[in-house]
Amino acid sequence: SSSSSSSSVENDARRHQKQNQLQHDHHRYHREKEDAKMVFTEKEEEEEPRPHIHVLATSNGSPYLNWQTRIMYRTFLDILQQQQQQQQLEQPNAEKHMKYFTRLLHRRTDDELMKEVPTVRVDSLHPSCDKWCAFPVHDRPDAIKKWLQSEDAKRGGEKNKFVLMIETDYVFKRPMQIPSPLMEYHRSFLQQKNTRKGEVGGEEQKASAIAFHFNYINPHYPSLPPVMERLMQKLNDPKKIVDTKKILASGPAPTLIYLDSLNRLIDDYIVITEEIEKDEDAKKKLGWVREMYAYSIAAATSNVKHIVEEPRKTLLISQPPADDDLYEASMYHYTWGARYVRGKDKSSIAWDWDKRPYIDVKHVREPGKYMPPMPPEFIEEGGDLKLLDGTLVTSKLNDVMRDLIGTMRNAIQRLDTLDYNCGWLDTEPKCDFRCQTGELC
């Protein structure tokens, strides 16, 4: 019994020592992160705030998302540097639209990425989702509203901000520019030339957002219009019951949206998300993408016009291996796994990679040990390699997979090992970087 008691005291002491070390290193961690931000981000020296893009990535801090986040943020820093070089060397008068990055963490405690990634933490609605829950994205709309109320959302001027909402499984490839239709909306908004009734431009509403067409979001599927109508009725406003044909086939990410427009739709987004969770029929019919439907409905009920861009014609994302090139996109989205197979029975695997096994803290803390394998260097045209769906693996498709995986590997190679383990395993102390809820940390 005394041996057990002694062991318990020793364990408590070790945990206490670890917690003290975390707190002791707080200022050093933040100094390192601020130094990194100063290298890559624009100083506040402009006489007048200009239109800019603020990247917002939401997360509950799980190892699965944190592994993705570390890679994604590293590539964001790379394209900021690329943007600066383009302006200095090639286009001295070009606008630098990419400006800020915030990870929006909906969680009750700090997590171990707060040293490395600029983060605003807000309390999650469902504490169980800090570890595991069936639908953690349920907390996203509420988290976004809390962020909209923060000082971080005002950086660079509220009237000049476009928010690029993304997922963590993106890889930045080039700086994004605010497209001309959104710049036109911005000018109209500032000039206030037209009578404004919830939008700029009167009846002929101008677009204030661009979104991505997901073919699995289909509000017009025969069984769904009654669900859409039922959810709109929950807003208790006859003006918000709109033609279901106005509902987007999209979702909140990736979306580039004017800050004022995001503020206009956020309350409907929250209400509809909650109403779906109360409605078993809606949950069943809308499935795991139901929060995406909530955003799409809210955009329609709030009269926030989105330009929904088609795959391969969008500024937003390319999704290999469904796409065989980056095309005009600014980011890769590695939502789909890829497997190269041979033979009629597809039993011979030539190459294989998927994001889904990267779910452990070891992947977050020592990413260099778990590098995604590179696809083959060369593909013989007219060969026998195929994807699982039967698509022929061409050299063009293989090149884009090599670019995606190569970009990820390049980022991983420059990530440090995290040696201040905290916050996830039951044997570890809680993370405490003295970050204030709702403030950029």
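Which residue forms a salt bridge with Asp-142? The legends below describe close-up views of a predicted model, and the opening view gives the answer.

**Figure 1. A salt bridge within helix H4 joins Asp-142 and Lys-146.** The partner of Asp-142 is Lys-146, and the closest N and O atoms of the pair are 2.8 Å apart. Both residues belong to helix H4, which spans residues 140-148. They are 4 residues apart, about one turn of the helix. Asp-142 counts as buried because its relative accessibility is 16%, under the limit of 20%. Lys-146, with a relative accessible area of 27%, is partly exposed. Side chains of opposite charge can pair when their charged atoms come close. A search of the whole structure finds 30 salt bridges.

**Figure 2. Arg-121 and Asp-110 form a salt bridge.** The N-to-O distance between these two side chains is 3.4 Å. The pair links distant parts of the chain, with Arg-121 in strand S3 (residues 119-122) and Asp-110 in the loop between strand S2 (98-106) and S3. The two residues are 11 residues apart. Are these partners buried or exposed? Arg-121 is buried, at a relative accessible area of 7%, and Asp-110 is also buried, at 6% relative accessibility.

**Figure 3. A network of salt bridges includes Arg-230 and Asp-279.** The side chains of Arg-230 and Asp-279 meet with an N-to-O distance of 2.8 Å. Arg-230 lies in helix H6 (residues 225-233), whereas Asp-279 lies in the loop between helix H7 (259-278) and helix H8 (280-286), so the salt bridge ties together parts that are 49 residues apart in sequence. Arg-230 is partly exposed, with 29% relative accessibility, while Asp-279 is buried, with a relative accessible area of 16%. The network links these two residues with Asp-281 and Lys-285.

**Figure 4. Seven strands form an open sheet with mixed pairing.** The order of the 7 strands is S3-S2-S1-S4-S7-S6-S8. Strands S3 and S8 (306-309) stand at the edges; each has a single partner strand, so one side of each is left without a neighbour in the sheet. From one strand to the next, the twist averages 25°. Strand S6 (residues 209-212) runs parallel to S8, and 4 bridges join the two. Phe-212 stands opposite Glu-309 in S8.

**Figure 5. Helices H5 and H7 contact the sheet of seven strands.** Helix H5 (residues 180-191) lies across strand S4 (161-166), S6, strand S7 (255-258) and S8. The direction of H5 is at about 15° to S7. Helix H7 also packs on the sheet, where it touches S4, S7 and S8. The direction of H7 makes about 95° with that of S7.

**Figure 6. Strands S5, S10 and S9 form an open sheet.** The 3 strands follow the order S5-S10-S9, and their pairing is mixed. Strand S5 (170-172) and S9 are the edge strands; each has a single partner strand, so one side of each lacks a neighbour in the sheet. Strand S5 pairs with strand S10 (residues 331-333) in the antiparallel sense over 3 bridges. Within this view, Tyr-170 stands opposite His-333 in S10. Helix H11 (residues 395-413) lies across S5 and S10, running at about 85° to S5.

**Figure 7. Strands S11 and S12 form a hairpin.** Strand S11 (residues 338-342) and strand S12 (residues 348-353) are paired in the antiparallel sense, with 5 bridges. Tyr-340 has Trp-351, in S12, as its bridge partner. Between the strands there are 5 residues, and Gly-343 in the turn has a positive phi of about 85°.

**Figure 8. Tyr-216, Trp-288 and Trp-336 make a nonpolar surface patch.** The patch has an area of about 380 Å². Trp-288 is placed in the loop between H8 and helix H9 (290-301). With 65% relative accessibility, Trp-288 counts as exposed.

**Figure 9. Lys-313 occupies a loop between two strands.** The loop runs between S8 and strand S9 (317-318). Lys-313 is exposed, and its relative accessible area is 67%. Lys-313 and Leu-326 are 13 residues apart in sequence, and their C-alpha atoms are 9.9 Å apart in space.

Note on methods
Residues are numbered from 1 along each chain as its sequence is written. This is a predicted model: local features need pLDDT of at least 70, side-chain atom pairs count only at pLDDT 80 or more; totals for chains, interfaces and linings use all residues. Side-chain values use heavy atoms; hydrogens and water are left out. A salt bridge is a side-chain nitrogen of Lys or Arg within 4 Å of a carboxyl oxygen of Asp or Glu. Buried means under 20% relative accessible area, exposed over 50%, partly exposed in between (1.4 Å probe, protein chains only). Two strands pair if DSSP finds at least two bridges between them. Axes are lines fitted to C-alpha atoms, for helices over the stretch in contact, and angles run from 0 to 180 degrees between N-to-C directions. Contact means heavy atoms within 4.5 Å. Patches are made of residues with over 30% relative accessible area and no salt bridge: like charges are joined within 9 Å, nonpolar side chains (Val, Leu, Ile, Met, Phe, Trp, Tyr) within 5 Å. Accessible areas come from the Shrake-Rupley method with a 1.4 Å probe; for residues, only the protein chains shown count as cover.
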